[in-house]
Amino acid sequence: MTELLLRFIILAGLLFLSACVYQNEDDLYGKESLKGCDTLEVSYASDIRPLIDIHCIECHGTYPELGAASFTNHIQLSQYLDLNKKKFIESISHTGYSKLMPDNADKLPECEIRKMIHWIDAGYPNN
Ligand code: HEC
């Protein structure tokens, strides 16, 4: 009897686990957080700079961490993007061979990543 109960518990546990594993990241975060995500009106001043200030500036500031570029203002960021656009996009979207950013932290929310990429694709205006 106890063996049967034990088997049942193990089976239920496995089913529960596989249900979790089955959902991919896109289902869990991606589509959900893209509801109401406005990538049409992205501005440096009200979207990009605050994002950088929250997620990147501690290492990419005026005195950046060793090997990191400085992203404190529009001039610095656009100079970096002129040469490293692909790296920047790969880093924040976790695609390609560039380092995963933000370093030692979770990937940015999907909507924030889309906003940054959209702004970069639009020629990273100082708007
Ligand atoms: C905890 C510190 C830290 C944070 C936070 C951080 N970075 Fe970095 N980042 C670094 C360091 C250090 C490097 C230098 C490369 C290395 O790791 O040797 C770097 C390198 C990069 C590179 C170049 C990647 C490559 O492959 O050469 C990009 C692009 C970048 N960071 C973008 C960002 C962006 C955008 C954010 C915010 C969303 C961010 N980083 C947040 C520390 C950080």
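Start by selecting Tyr124, which is buried, with 20 other C-beta atoms within 10 Å. Keep in mind as you go that this is a predicted model. Tyr124 sits in the segment after H5, and its phi is near 35 degrees, a positive value in a residue other than glycine. Most residues other than glycine have a negative phi. Now step back to Gly123, which follows H5 and also has a positive phi, near 95 degrees.

**The whole chain**

Zoom out and colour by secondary structure. The protein chain has five helices and zero strands, and the pattern along the sequence reads α-α-α-α-α. If you colour by burial instead, buried residues make up 12% of the 127 residues. Among contacts in the protein chain with a separation of 6 or more, 54% are between residues 24 or more positions apart.

**The largest nonpolar core**

Which residues form the largest nonpolar core? Select Val42, Ile48, Phe88, Ile92, Met101, Leu108, Met116, Trp119 and Tyr124, and you have its nine members. Your starting point, Tyr124, is therefore one of the residues in this core, and its count of 20 C-beta neighbours within 10 Å makes it buried. Two elements, H4 and helix H5 (110-121), give two or more residues each to the core. In soluble globular proteins, nonpolar side chains tend to be buried together.

Next, centre on Met116. Leaving aside neighbours within four places in sequence, Met116 is in contact with Ile48, Leu51 and Ile92.

**Along H5**

Now show H5 by itself. Does its length fall short of expectation or agree with it? At 1.5 Å a residue, the 12 residues of H5 should span 16 Å, and the end C-alpha atoms are 16 Å apart, which agrees. Colour the buried residues of H5: these are Lys115, Met116 and Trp119. Turn the view to look down the axis of H5, and the buried residues fall within an arc of 95 degrees, so they line one face of the helix. An α-helix has 3.6 residues a turn, so residues three or four places apart point the same way. Bring back the neighbouring helices, and you will find the buried residues of H5 packing against helix H3 (44-55) and H4.

**Where H5 meets the end of H4**

Stay on H5 and select Ile113. Is Ile113 buried or partly exposed? With 19 C-beta neighbours inside 10 Å, Ile113 counts as partly exposed, since a buried residue needs 20 or more. Beyond four places in sequence, Ile113 has contacts with Ile92, Ser93 and Leu108. Draw a distance from Ile113 to Ser93: the two are 20 residues apart in sequence and 6.4 Å apart in space, C-alpha to C-alpha.

Move across to Ser93 itself, in helix H4. Ser93 is partly exposed, with 18 other C-beta atoms within 10 Å. Setting aside residues within four places in sequence, Ser93 is in contact with Ile113 and Ile117. A second distance to draw runs from Ser93 to Arg114, 21 residues apart along the chain, with C-alpha atoms separated by 8.7 Å.

Follow the other contact to Ile117, back in helix H5. Ile117 counts as partly exposed, with 17 C-beta neighbours inside 10 Å. Not counting residues up to four places away in sequence, Ile117 touches Ile89 and Ser93. The C-alpha atoms of Ile117 and Val42 are separated by 9.9 Å, although the two residues lie 75 residues apart along the chain.

**The loop between H4 and H5**

Now select the loop between H4 and H5, and pick out Pro102 there. Look at the bond that joins Met101 and Pro102: it is a cis peptide bond, with omega about -5 degrees. Most peptide bonds are trans.

In the loop between H4 and H5 you will also find Asn104. The phi of Asn104 is near 55 degrees, a positive value in a residue other than glycine. Asn104 is exposed, with 7 other C-beta atoms within 10 Å.

**Around the ligand**

For the last stop, centre on the ligand and show the 20 residues around it. Which of them come nearest? Cys56, Cys59, Ser98, Met101 and Pro102 do. Met101 and Pro102 are the pair joined by the cis peptide bond. Colour the shell by residue type, and it divides into nine nonpolar, six polar and five charged. Finally, highlight helix H4 (residues 74-93), which gives four residues, the largest share of the shell.

Note on methods
Residues numbered from 1 in each chain as written. Predicted model: local features only at pLDDT ≥ 70, side-chain atom pairs only at ≥ 80, totals over all residues. Near = placed C-beta within 6 Å. Nonpolar A, V, L, I, M, F, W, Y, C, P; charged D, E, K, R; others polar. Core = buried A, V, L, I, M, F, W, Y, C linked by C-beta atoms within 7 Å. Contact = placed C-beta atoms within 7 Å. Expected span 1.5 Å × (residues − 1). Arc of directions from axis to C-beta.
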